[in-house]
Amino acid sequence: MSILPHIVEARAGDRTYEARLYYGQDVRETLRDLPEASVHMVATSPPYWGLRDYGTDLSVWGGDPLCDHEWGEPIPQDSRHRYTAENSTKEGVVAENGGYPEDRGAFCLHCNAWRGSLGLEPSPEEFVNHLIEVFRKVRQVLRPDGTLWVNLGDTYFAGGSTTQQANDNRNYEHLSTLQSRCTSGQSQRPVRSRTHAYLKPKDLIGIPWRFALAMQKEGWYLRADILWSKGNSMPESVRDRTTRQHEYVFLFAHPDCKGSYFYDHEAIKEGANRRNKRSVWQVNTKPYPGAHFATWPPDLVRPMILAGTSEHGVCSTCGAPWVRERVPDEVEETSSDGGSRTAFGAWASTCSCEDSVRVPATVLDPFSGSATTGRVSLIEGRHYIGIDLNLDYVELAKARLMGQDAPSDSSDSEESSVLSMFGK
């Protein structure tokens with residue numbers, strides 16, 4: 001069943017920019033209901049694998065959609081990397097989880113579908129497969145000339161001893177935007193040895209690249225691997241490797257782009273000589289009060305939005321973006337590398353629609369959370385669509401979009417009023 005969005009509007013001069021928040025429904029269902037090719041770009045940071053339990057309803061992933069699922073025994077919380085659909089049921093495995101929630105994921109006995117939360121899959125391969133499920137739906141709503149920007153962090157495969165202590169920090173050596181080596185204090189996961197066909201304890205899993213290569217197989221063009229360098233990263237208490245202070249941001253072009261897509265490189269040029277933006281982005285993390293999960297900083301998402309959507313807007317009829325016209329400078333200048341400089345001051349339509357007007361481009365984040373992407377989108381004069389499974393975050397997201405302090409209680413789901421974001 002479709003859900004109605006929460007609407008937040010922001011005014012800047014004579015323009016109104018709209019954010020639509022679809023919170024409380026599986027992202028795949030929401031994407032299925034959005035108009036085809038209606039989004040100009042996507043910028044998102046999905047849940048990282050094995051990081052935390054967000055407390056959302058369980059979803060069904062993979063398998064046969066026509067199957068009348070019969071779920072096997074829940075995978076034990078303390079050994080979920082060891083069991084598969086076969087040995088978690090047919091060999092009589094019992095969920096001896098020491099009082100932890102029992103239903104932490106289970107496989108269908110007939111079609112091998114998995115019921116659980118995205119990010120808590122039994123293996124990194126299944127996590128990547130489920131992300132691909134989501135981005136197949138994203139492909140349908142993204143315009144062929146649109147781009148997709150995805151941030152993912154990596155994880156070290158865990159081994160170790162057993163503990164039932166809620167604050168023990170040995171179950172995951174995981175580097176996230178919160179610089180946390182574990183999440184057992186939040187989800188109270190005990191520590192047990194985990195096994196994999198070839199991953200070993202201390203192995204860096206390489207989840208971002210597993211995902212990127214899987215997207216290539218799906219037909220996406222992998223255009224850039226950007227290193228997000230976090231200058232304020234915390235040191236790690238490890239003595240046999242370097243401290244990690246980077247994550248990846250991948251830039252994908254739509255499989256149907258035919259090699260041509262919208263990308264405004266002029267909007268994000270850097271330095272006194274206006275050089276092309278480079279692939280290492282130095283951006284410090286910035287915690288957001290009220291958000292009990294990792295939020296990516298506005299300065300990280302801003303260049304994605306500026307490069308991925310037209311500042312001048314799009315056609316109200318067909319959605320085609322306006323682009324910068326390449327016009328030689330009237331005054332002859334020489335760049336620092338000895339070449340001639342070129343100006344991109346004028347804007348040109350890329351369609352022939354009659355009687356159309358310019359409207360803002362639309363940015364989508366299918367894992368919206370506290371709506372950092374939406375906040376930057378509205379500030380930069382774009383419309384926004386945010387999707388998140390957790391309805392409890394919607395009040396937090398609405399406050400963020402309106403530039404207000406985080407609410408003390410973000411569990412309410414009342415409709416937001418139409419407020420000015422930039423008028424004061």
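**Figure 1. Contacts across the whole chain.** In this predicted model, residues 24 or more positions apart account for 71% of the chain's contacts with a separation of 6 or more. The chain holds seven helices and 20 strands. Of its 424 residues, 50% count as buried. About 19900 Å² of the chain is exposed, and carbon and sulfur atoms supply 46% of that area.

**Figure 2. Helix α5 packing against helix α6.** Here we zoom in on two helices: α5 spans residues 298–308, and α6 spans residues 372–379. Their axes lie 9 Å apart and make an angle of about 55°. With that angle, α5 counts as oblique to α6, because it falls outside the ranges for roughly parallel (under 35 degrees), roughly perpendicular (65 to 115) and roughly antiparallel (over 145). The crossing of α5 past α6 is right-handed.

**Figure 3. Residues where α5 and α6 meet.** On the α5 side, look for P298, V301, R302 and I305; their partners in α6 are T372, T373, V376 and S377. Sorted by class, this contact brings together four nonpolar, three polar and one charged residues.

**Figure 4. Helix α6 and the residue after it.** How many of the eight residues of α6 are buried? Six of them are, so the helix is mostly covered. The buried residues are T372, T373, G374, V376, S377 and L378. Among them, T372, T373, V376 and S377 also take part in the meeting with α5. Following α6 comes G381, which has a positive phi, near 80°.

Definitions and conventions. Residues are numbered from 1 along each chain as its sequence is written. This is a predicted model: local features need pLDDT of at least 70, side-chain atom pairs count only at pLDDT 80 or more; totals for chains, interfaces and linings use all residues. Side-chain values use heavy atoms; hydrogens and water are left out. Helices (H or I, at least four residues) and strands (E, at least two) are DSSP runs, numbered from the N terminus. Buried means under 20% relative accessible area, exposed over 50%, partly exposed in between (1.4 Å probe, protein chains only). Contact means heavy atoms within 4.5 Å. Accessible areas come from the Shrake-Rupley method with a 1.4 Å probe; for residues, only the protein chains shown count as cover. Axes are lines fitted to C-alpha atoms, for helices over the stretch in contact, and angles run from 0 to 180 degrees between N-to-C directions. A crossing is left-handed if the near helix is turned anticlockwise from the far one by less than a right angle, and right-handed if clockwise. Ala, Val, Leu, Ile, Met, Phe, Trp, Tyr, Cys and Pro count as nonpolar, Asp, Glu, Lys and Arg as charged, and the others, Gly among them, as polar.
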